[in-house]
Amino acid sequence: MNNLIISGYGLEGCNNLSINNTNLTIPSPSFFVTSYEYLFTITEDSNFGIVYSYKLDENLTLIDSLKFENSSALCHITYSNVHKLLFVSCWGSGDLIVINVEKGKFVKSNIIHYPSNNKISRVHFSMLNKAQNFLYVNNVGLDEIYIYELADSNIKQIKTITAPNGTNPRHSVLSSDEKLMYVVTEKSNEILVYELNSYNLIQRMSTLNKEFEKSNCSSIVINNLYNMIYVANRYSESIASFSINNDGLLTLVDIMPCLGIKPRHMVLSKNSKKLMICYETSNEIYIHDINENGIINKNSFEVIKHNKASCIEEK
């Protein structure tokens, strides 16, 4: 595949982001997000964090950067082009950074903290609904998911969903009609299915077909073309595929052994007919074809080498 943007895992472990096979030196750029003419990325460091704004051109021209001395291990970013807000998840310091953006420049920032008495806050992920009027934030350390309402570039928390203790909700996706939320858990290796009108937990589905001494889920992808969900299992090294039933509940249909080591991030191609899997430890990306039944084709793939592969997007 051509026109790919790829970054490598941070925590002082990698200094590369590539666009169309041209490598750029950006310290520890674990994750990035694009929006029309802009690319936003981060430096993931255990002591501080930096957020960058680039013009999405052939040279990836730097527009702005902002350093946060007390926010650490930045690991995920989401951008609302409707509200011109950038949301940065901080695993190390456990907070959420909210940045107001104007023409690619950072004009104002705010940090949301999540105190706890007996657990350590670890914010790892956020996502928007299609209309960009709701933001969902996963706190993998506190077993909580926060729902915010967005209006006029303002953010207001309206609900906290408490996941089962010790499950560690890492990433989420919404159903096509946005009535259900599918949450992949890092420690319990499950998909939690929530009904969003009542916020009730209506299904718990294991992502494994047998017991493992160690296994941590890392990523979840929904494929609306085939009504499927894919989940990456690290350490047990597999990709699980689930069919989405008419009622939105899930059925496990396949578990594919990983061809690389330690899958960290997955994303679909623009046409939803390929699944791109970033393998952090084996330093490669596998781009698999998806069969007409929605199951990943383990024998039809392309391999791209990239140091500590962490995030990928088709430009």
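**Notes on the predicted model**

1. Strand β22, residues 238-244, and strand β23, residues 250-257, pair in the antiparallel sense through seven bridges. The model is a predicted one. Within this pair, Ala240 has Ile255 of β23 as its bridge partner. The two strands make a hairpin, with five residues between them. In the turn, Gly248 has a positive phi of about 90°.

2. A second hairpin is made by β10 and β11. Strand β10 covers residues 96-102 and strand β11 residues 105-112, and seven bridges hold the antiparallel pairing. Val101 is matched with Phe106 of β11 as its bridge partner. Two residues lie between these strands, and Lys103 takes a positive phi near 55°. As general background, strands in a sheet pair through hydrogen bonds of the backbone, in a parallel or an antiparallel way.

3. Next, one of the sheets. Four strands form an open sheet in the order β24-β25-β26-β27, with antiparallel pairing. The edges are taken by β24 (263-268) and β27 (296-305); each has a single partner strand, so one side of each is left without a neighbour in the sheet. From one strand to the next, the twist averages 25°. Between β24 and β25 (residues 274-279) there are five bridges, and the two strands run antiparallel. Met266 has Ile277 in β25 as its bridge partner.

4. Which residues make up the aromatic cluster? Tyr38, Phe40, Tyr79 and Phe106 form one such cluster. Phe106 is also the bridge partner of Val101 in the hairpin of point 2. The count of aromatic pairs in the model is seven. One of them joins Tyr38 and Phe40, a tilted pair with 6.2 Å from centre to centre and 40° between the planes. Both Tyr38 and Phe40 are buried.

5. Tyr52 and Tyr54 give another aromatic pair. Their ring centres are 6.2 Å apart and their planes stand at 35°, so the pair is tilted; the tilted class runs from 30 to 60 degrees. Tyr52 has a relative accessible area of 10% and is therefore buried. Tyr54, at 9%, is buried as well. The cut-off for buried is under 20%.

6. Two lysines sit over aromatic rings. Lys67 lies over the face of Phe48, 4.4 Å from the ring centre. Lys214 lies over the face of Tyr235, and here the distance to the ring centre is 4.1 Å.

7. The largest pocket holds about 1400 Å³ of space. Its lining counts 39 residues, and those nearest its centre are Val33, Met127, Leu128, Val173 and Val267. Which elements give two or more residues to this lining? They are β4 (32-35), β8 (74-80), β12 (123-128), β16 (169-174), β20 (216-223), β24 and β28 (309-314). Strand β24 is also one of the edge strands of the sheet in point 3.

8. There is one cavity of 30 Å³ or more, and the volume of the largest cavity is about 80 Å³. Empty space of this kind is found by rolling a probe the size of a water molecule over the atoms. The residues that line the largest cavity are Ser30, Phe31, Cys75, His76, His124, Arg170, His171, Arg264, His265 and Ser310. Strands β8, β16 and β24 each give two or more residues to that lining. These three strands also appear among the elements that give two or more residues to the lining of the largest pocket.

9. Two single residues are worth a look in the viewer. Is Thr25 buried or exposed? Thr25 has a relative accessibility of 71% and therefore counts as exposed, the cut-off being over 50%. Thr25 belongs to the loop between β3 (22-24) and β4. The C-alpha atom of Thr25 is 11 Å from that of Gly8, with 17 residues of separation along the chain.

10. The other residue is Ile191, placed in strand β18 (residues 190-195). Its relative accessible area is 0%, so Ile191 is buried. Ile191 and Gln203 are twelve residues apart along the chain, and 7.9 Å separates their C-alpha atoms.

How values were computed: Residues are numbered from 1 along each chain as its sequence is written. This is a predicted model: local features need pLDDT of at least 70, side-chain atom pairs count only at pLDDT 80 or more; totals for chains, interfaces and linings use all residues. Side-chain values use heavy atoms; hydrogens and water are left out. Two strands pair if DSSP finds at least two bridges between them. Axes are lines fitted to C-alpha atoms, for helices over the stretch in contact, and angles run from 0 to 180 degrees between N-to-C directions. Rings of Phe, Tyr and Trp (its six-membered ring) pair if their centres lie within 6.5 Å; planes under 30 degrees apart count as stacked, over 60 as edge-to-face and the rest as tilted. Buried means under 20% relative accessible area, exposed over 50%, partly exposed in between (1.4 Å probe, protein chains only). A charge sits over a ring if NZ of Lys or CZ of Arg is within 6 Å of the ring centre and within 35 degrees of the ring normal. On a 1 Å grid over the protein atoms alone, a cavity is a set of points where a 1.4 Å probe fits but cannot get out, and a pocket is an open set with protein on both sides within 12 Å along at least five of seven lines; lining residues have an atom within 4 Å of a point. Grid points are joined across faces, edges and corners, and a volume is the space filled by probe spheres set on the points.
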